[in-house]
Amino acid sequence: MQVQIVQISAKDTLPLRHSVLWPDHPVDFSRVEGDESAQHFGAYLGPDLVCVLSLFGEGTSARIRKFATRPDCQGKGIGTQMMRHALARAADQGASRVWLSARENAMPFYARFGFAPFGKPALKEGQPYRKMQVSLSHQSLASSA
């Protein structure tokens with residue numbers, strides 16, 4: 001079955017964000033300040049929303065937040081397609097840099113796209129995170145990952 005990536009509303013991201021990223025917290029914990037002005041993308045397998053990602057413009061930078069793939073759909077290339085889509089959209093909108101806060105166990109995934117850590121490690125709800133960034137001016141989106 002083919003994956004279809006489309007723009008969706010912030011509200012439509014919440015159930016998947018919540019169930020994948022913070023299932024032991026209230027749904028509101030998965031909301032992000034500025035969600036109303038961000039771009040949100042959903043990957044569908046048939047009628048099912050299986051992956052979400054939110055892209056926040058910040059001048060010449062863009063920030064990826066709340067990237068979540070349904071556990072039974074992980075490891076099947078859906079997240080890779082979503083990341084390529086997000087990086088291409090950021091580049092199309094003039095961003096020269098994309099950054100995110102990665103759970104440390106997900107850092108190898110982001111490194112495949114050229115993301116490198118910067119800053120100091122941080123904890124969120126006991127979960128270790130690292131900020132990572134990639135320069136789009138040195139990124140070949142067609143060949144990444």
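## A pair to start from

A good place to enter this structure is Ala-116, which stands opposite Gln-133 in strand 7. Another such match is Ala-122, whose bridge partner in strand 7 is Tyr-129. Both belong to a model that is predicted, so please read everything below in that light.

Strand 6 and strand 7 (residues 127-135) are joined by six bridges and pair in the antiparallel sense. Together these two strands make a hairpin, with two residues between them. In its turn sits Glu-125, which has a positive phi of about 55 degrees.

## The sheet as a whole

Now step back to the whole sheet. Seven strands form an open sheet with mixed pairing, and their order is 1-2-3-4-5-7-6. Which strands stand at the edges? They are strand 1 (3-8) and strand 6 (116-124); each has a single partner strand, so one side of each is left without a neighbour in the sheet. From one strand to the next, the twist averages 25 degrees.

Strand 7 also pairs with strand 5: the two run antiparallel and are joined by seven bridges. Here Val-98 stands opposite Val-134 in strand 7. As a general reminder, strands of a sheet pair through backbone hydrogen bonds, either parallel or antiparallel.

## Two helices against the strands

Helix 1 (residues 10-21) lies across strand 1, strand 2 (39-45), strand 3 (48-58), strand 4 (61-69) and strand 5 (97-103). Helix 1 runs at about 110 degrees to strand 3. Helix 2 (residues 78-92) packs on the sheet too, touching strands 1, 2, 3, 4, 5 and 7. The direction of helix 2 makes about 25 degrees with that of strand 3.

How far apart should the ends of helix 2 be? At 1.5 Å a residue, its 15 residues should span 21 Å, and the end C-alpha atoms are indeed 21 Å apart, so the two values agree. The buried residues of helix 2 are Ile-78, Gly-79, Thr-80, Met-82, Met-83, Ala-86, Leu-87 and Ala-90. After helix 2 comes Gly-94, with a positive phi near 90 degrees.

## Two cysteines, no bond

The structure holds zero disulfides. For Cys-51, the nearest cysteine sulfur is that of Cys-73, 8.9 Å away. A disulfide would need the two sulfur atoms within 2.5 Å, so this pair does not qualify.

Are these cysteines buried or exposed? Cys-51 counts as buried because its relative accessibility is 0%, and Cys-73 is buried as well, with a relative accessible area of 4%.

Key. Residues are numbered from 1 along each chain as its sequence is written. This is a predicted model: local features need pLDDT of at least 70, side-chain atom pairs count only at pLDDT 80 or more; totals for chains, interfaces and linings use all residues. Side-chain values use heavy atoms; hydrogens and water are left out. Two strands pair if DSSP finds at least two bridges between them. Helices (H or I, at least four residues) and strands (E, at least two) are DSSP runs, numbered from the N terminus. Axes are lines fitted to C-alpha atoms, for helices over the stretch in contact, and angles run from 0 to 180 degrees between N-to-C directions. Contact means heavy atoms within 4.5 Å. The expected span of a helix is 1.5 Å times one less than its number of residues. Buried means under 20% relative accessible area, exposed over 50%, partly exposed in between (1.4 Å probe, protein chains only).
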